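Student: I should like a close look at one part of this structure, beginning with a single side chain and working outwards. Please set that part in the context of the chain afterwards.

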Amino acid sequence: NTIIKTRGDNMKREKTFQMVLSAMFIAIIILQSFVPFLGNLPLFILDITIIHITVIVGGIVLGPKAGFLLGFAWGFSSFLRAFTSGNAVTFMIFTNPFISILPRLLMGGLIALFYHKMSKVITYDKLRMALSGFLGSLMNTILVLGLIYLLMAGQYAELTGKTVAELPLVLMGIVMSNGIAEAIAASIMTPIIASVLLSVSKKRG
């Protein structure tokens with residue numbers, strides 16, 4: 001009975017810890033979404049987004065369910081922020097939940113699944129974290145840009161002064177510039193942050 005009670009207490013403590021950590025990640029994501037300099041990293045001529053790194057790290061530390069939740073939190077924050085951005089292109093794109101929410105929701109959960117399911121294939125933790133960061137970042141970029149093209153190519157082309165025929169090259173240019181830079185940043189920062197948090201979590205257990 002004592003052993004069962006101890007296990008039950010440990011499970012309750014772990015569940016509480018997971019909930020608190022999830023809430024902390026969500027709070028960070030909201031701050032990064034609404035305070036520009038917290039969610040972006042200026043590098044020379046590029047201004048790269050780093051919010052996805054918070055989502056990816058959260059999924060690695062807390063698991064796929066939390067990854068989906070954190071992805072949703074980021075997407076919903078983007079959706080809300082679009083209404084107050086004052087930017088016509090941002091308003092047009094990110095007030096559509098299929099573009100603002102769906103890609104982030106999928107990325108957060110699927111990359112967390114990738115990290116945890118690939119543990120037997122890629123046994124070196126930090127390499128798996130780096131790969132998760134790189135793939136997660138690219139997945140987000142490609143999904144968002146792909147859905148822009150599929151759902152509102154005409155409107156996007158008109159607002160940016162391009163033709164629909166030119167859009168594939170324009171969007172590919174974004175992937176090759178910001179998209180690759182963000183993926184590289186994620187592959188470097190994800191293992192640094194996630195390994196520290198996992199280490200603290202294990203020591204606590």
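Tutor: Met152 is buried, with a relative accessible area of 7%. The structure is a predicted model, and every value below is computed from it. The cut-off for burial is a relative accessible area under 20%, so the 7% of Met152 falls within the buried class. As to secondary structure, Met152 lies in helix α8, a helix that runs over residues 125–160.

The contacts of Met152 come next. Leaving aside residues up to four places away in sequence, Met152 touches Met92, Ile93, Asn96, Ile99 and Leu147. One of these, Asn96, is 56 residues from Met152 along the chain, yet the two C-alpha atoms are separated by 9.8 Å. Another of them, Ile99, deserves a description of its own.

Ile99 sits in helix α6, which comprises residues 97–100. Its relative accessibility is 0%, and Ile99 therefore counts as buried. With residues up to four places away in sequence again set aside, Ile99 touches Ile93, Phe94, Val144, Leu147, Ile148, Leu151 and Met152. Ile93 and Leu147 thus appear in the list for Ile99 and also in the list for Met152. A further spatial reference for Ile99 is Gly75: the two are 24 residues apart along the chain, and 8.5 Å separates their C-alpha atoms.

Helix α8 can be followed to other positions as well. Thr141 has its place in this helix and, at 7% relative accessibility, counts as buried. Apart from residues up to four places away in sequence, Thr141 touches Val175, Gly179 and Glu182. Ala130 is also in helix α8; its relative accessibility is 18%, so Ala130 too counts as buried. Under the same exclusion of residues up to four places away, Ala130 touches Ser187 and Pro191. The C-alpha atoms of Ala130 and Thr190 are separated by 6.0 Å, although these positions lie 60 residues apart along the chain.

The loop between α7 (102–117) and α8 offers a contrast, for Lys120 is placed there. Lys120 has a relative accessible area of 78% and is exposed. Lys120 and Met19 stand 101 residues apart in sequence, and their C-alpha atoms are 27 Å apart in space.

The aromatic rings form a further topic. The structure holds four aromatic pairs. The rings of Phe72 and Phe76 have centres 5.8 Å apart and planes at 10°, and the pair is therefore stacked. Both residues belong to helix α4 (residues 64–82); because they are four residues apart in it, about one helical turn separates them. Neither ring-bearing residue is buried: Phe72 is partly exposed, with a relative accessible area of 38%, and Phe76 is partly exposed at 36%. Phe79 and Phe83 form a pair that is edge-to-face, with 5.2 Å from centre to centre and 85° between the planes. Within this pair, Phe79 is buried, with a relative accessible area of 17%, whereas Phe83 is partly exposed, with 48%. Ring pairs link Phe72, Phe76, Phe79, Phe83 and Phe91 into a cluster.

It remains to place these details in the whole chain. The secondary structure comes to nine helices and two strands, and along the sequence they follow the pattern α-α-β-β-α-α-α-α-α-α-α. The radius of gyration is 19 Å, close to the 17 Å that the globule rule gives for 205 residues, so the chain is as compact as a globular protein of that length. Along its principal axes, the C-alpha trace spans about 70 × 35 × 30 Å.

Of the 205 residues, 41% are buried; Met152 and Ile99 are among them. Among contacts with a separation of 6 or more, 69% are between residues 24 or more positions apart. The accessible surface comes to about 11,400 Å², and 72% of this belongs to carbon and sulfur atoms. As for charge, the chain has 16 positive and 7 negative side chains, with the centres of the two sets 17 Å apart.

How values were computed:
Residues are numbered from 1 along each chain as its sequence is written. This is a predicted model: local features need pLDDT of at least 70, side-chain atom pairs count only at pLDDT 80 or more; totals for chains, interfaces and linings use all residues. Side-chain values use heavy atoms; hydrogens and water are left out. The radius of gyration is taken over C-alpha atoms; the globule rule is 2.2 Å times the number of residues to the power 0.38. Buried means under 20% relative accessible area, exposed over 50%, partly exposed in between (1.4 Å probe, protein chains only). Contact means heavy atoms within 4.5 Å. Accessible areas come from the Shrake-Rupley method with a 1.4 Å probe; for residues, only the protein chains shown count as cover. Lys and Arg count as positive and Asp and Glu as negative; His and the chain ends are not counted. The place of a charge is taken as NZ of Lys, CZ of Arg, CG of Asp or CD of Glu. Rings of Phe, Tyr and Trp (its six-membered ring) pair if their centres lie within 6.5 Å; planes under 30 degrees apart count as stacked, over 60 as edge-to-face and the rest as tilted.
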